[in-house]
Amino acid sequence: MITAILVTLGLYLAVFERDALLAFARGADAPAPAAGETETTAATAEPAAEGIRVVALRSKAETVENAVILRGQTRAAREVEVRSETSATVISDPLRKGAFVEAGDVLCQLDPGTREAALAEARARLTEAHSRIPEAEARVVEAKARLDEAEINFNAAEKLSKDGYASETRLKSAAATVRSAEAAIASAEAGLENTQAGIQAATAAVAAAEREIARLTIAAPFAGLLESDAAELGSLMQPGALCATVIQLDPIRLVGYVPETDVDRVHVGAKAGAELVSGERIVGAVTFLSRAADPTTRTFQVEITVPNADLAIRDGQTATIAIASDGVRAHRLPQSALTLNNDGTLGVRTVGEGNLVAFLPVKLVRDTPEGIWVTGLPEEVSVIVVGQDFVTAGVKVTPTWREADK
């Protein structure tokens with residue numbers, strides 16, 4: 001009991017009466033301070049007046065490139081499945097996948113069958129239709145001449161009838177002849193129109209036959225590589241049957257998706273680079289930025305065009321993409337300097353005027369092996385890098401300064 005009482009008394013004196021206890025310990029035995037040593041002794045005797053000791057770093061903002069980092073993949077500039085438009089048998093030897101083809105190279109040649117005969121027949125009908133034109137035009141001219149003659153006879157009969165030299169019967173006969181000539185003209189013009197329609201039908205038949213023959217040659221739509229074997233010799237091709245798949249890898253595209261928080265930092269024409277999983281680094285420019293967000297991920301598709309003359313970059317490779325953006329003023333700090341306030345906001349604690357602590361929120365820009373780059377701070381600031389978790393805003397501190405790493 002006595003020991004417990006003594007320990008309690010000692011703790012009370014050490015905690016609540018610390019200054020008095022120290023003064024009593026010095027007591028009358030303490031030597032009087034010499035003149036000029038008063039302030040030093042007072043400072044030593046009252047360490048509680050000093051602030052909490054921390055380590056701080058004086059930092060100046062620097063301009064850093066603020067790239068937008070994405071994950072994406074390579075994609076062929078164009079990929080087409082070349083298919084048949086008609087039904088026939090393949091009569092050409094197949095090209096093997098991996099072969100390079102130029103635009104217009106034959107991929108599959110089909111058997112013409114009777115298509116050439118059908119074309120010859122259509123051309124003969126067209127020639128025959130053209131030959132009927134002069135006859136139809138001659139009939140029209142002849143009908144018009146007869147109409148002129150009938151109108152002259154009618155006019156003469158009408159005058160003679162008025163003078164009493166021709167009968168009414170002759171006048172009506174002349175009028176009937178005029179109407180007959182007019183009907184003959186209408187019939188001749190209809191015959192001419194039918195002949196012209198026959199020419200148009202024959203022309204269409206020739207065009208259809210020529211188009212059908214053109215479909216027998218299935219050619220590459222652009223220069224590229226065959227991603228599949230061409231159709232085998234002797235195989236029957238139906239409309240829609242696959243002849244071959246052609247892809248274009250020069251240039252190649254990098255496709256990624258930009259978060260909506262960063263989409264305003266990306267612009268068409270901006271420089272961009274990427275590192276493939278193989279370690280190869282490539283450089284290109286942004287050529288497309290979607291105006292509509294993906295309804296599920298709320299991201300925007302971006303495409304970067306990259307030269308690929310040697311075709312070394314393949315379709316579907318994973319890549320880490322960095323798109324250049326406007327530079328920002330940021331501070332490079334140790335990662336350990338970051339802390340959270342009571343609201344869970346990420347920031348740093350700084351030494352302000354009067355050595356009072358302040359909390360400033362920050363935004364991460366980039367993480368590097370040398371430190372993190374953050375924005376949201378003044379141009380010059382003193383950041384607590386050791387002891388920031390043991391102080392709060394408004395507390396007085398005694399900083400020890402550390403030089404910034406270069």
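Here is a friendly set of questions and answers about a predicted model of a protein chain.

Student: How many helices and strands does the secondary structure of the protein chain come to?
Tutor: Good place to begin! Keep in mind that this is a predicted model. The chain has 406 residues, and its secondary structure comes to five helices and 22 strands.

Student: What share of the contacts with a separation of 6 or more comes from residues 24 or more positions apart?
Tutor: Here we set aside pairs with a separation below 6 and ask how many of the rest join residues 24 or more positions apart. In the protein chain, that share is 74%.

Student: Which element gives the most residues to the largest nonpolar core?
Tutor: That core has 26 residues, and Leu-254, Val-302, Ile-304 and Ile-323 have the most contacts inside it. Among the elements that give it two or more residues are β3 (68-83), β10 (242-259) and β13 (299-306). With five residues, the top contributor is β10.

Student: Which residues from 284 to 287 does Ile-304 touch?
Tutor: Ile-304 is one of the residues with the most contacts inside the largest core. Leaving out residues up to four places away in sequence, its partners include Ile-252, Leu-254, Ile-321 and Ile-323. In the stretch you ask about, they are Gly-284, Ala-285, Val-286 and Thr-287.

Student: How many residues are in the second, separate core?
Tutor: In soluble globular proteins, nonpolar side chains tend to be buried together. The second core includes Ala-136, Val-140, Leu-147 and Leu-192. Its residue count is 19.

Student: How far apart are the end C-alpha atoms of residues 192-219?
Tutor: An unreviewed UniProt entry places a "coiled-coil region" at residues 119-160 and 192-219. In the model, the span 192-219 is 82% helix and 11% strand. Its end C-alpha atoms lie apart by 42 Å.

Student: Why does the salt bridge between Arg-115 and Glu-212 tie together parts that are distant in sequence, and by how many residues?
Tutor: Side chains of opposite charge can pair when their charged atoms come close. Here the side chains of Arg-115 and Glu-212 meet at 3.1 Å, N to O. Arg-115 lies in helix α4 (residues 115-163) and Glu-212 in helix α5 (residues 168-214), so the parts they tie together are apart in sequence by 97 residues.

Student: Is Arg-115 buried or exposed?
Tutor: The cut-off for buried is under 20% relative accessible area. Glu-212, at 21%, counts as partly exposed. Arg-115 has a relative accessible area of 17%, so it is buried.

Student: Where does Arg-329, the salt-bridge partner of Glu-379, lie?
Tutor: In this pair, the closest N and O atoms are 2.3 Å apart. Glu-379 sits in the loop between β20 (371-375) and β21 (380-386), 50 residues away from its partner in sequence. Arg-329 is found in strand β15.

Student: Which residues do salt bridges that share partners join into one network?
Tutor: A search of the whole structure finds 17 salt bridges. We met one of them between Arg-115 and Glu-212, and both of these residues belong to the network. The full set is Glu-85, Arg-115, Arg-211, Glu-212 and Arg-215.

Student: Which residues make the nonpolar surface patch of about 260 Å²?
Tutor: One member is found in strand β19 (residues 363-368). That residue, Leu-364, counts as partly exposed at 48% relative accessibility. The patch is made by Leu-340, Leu-346 and Leu-364.

Conventions. Residues are numbered from 1 along each chain as its sequence is written. This is a predicted model: local features need pLDDT of at least 70, side-chain atom pairs count only at pLDDT 80 or more; totals for chains, interfaces and linings use all residues. Side-chain values use heavy atoms; hydrogens and water are left out. A nonpolar core is a set of buried Ala, Val, Leu, Ile, Met, Phe, Trp, Tyr and Cys residues joined through side-chain atoms within 4.5 Å. Buried means under 20% relative accessible area, exposed over 50%, partly exposed in between (1.4 Å probe, protein chains only). Helices (H or I, at least four residues) and strands (E, at least two) are DSSP runs, numbered from the N terminus. Contact means heavy atoms within 4.5 Å. UniProt positions are given in the numbering used here, feature names are shortened, and annotations may be inferred rather than shown by experiment. Patches are made of residues with over 30% relative accessible area and no salt bridge: like charges are joined within 9 Å, nonpolar side chains (Val, Leu, Ile, Met, Phe, Trp, Tyr) within 5 Å. Accessible areas come from the Shrake-Rupley method with a 1.4 Å probe; for residues, only the protein chains shown count as cover. A salt bridge is a side-chain nitrogen of Lys or Arg within 4 Å of a carboxyl oxygen of Asp or Glu.
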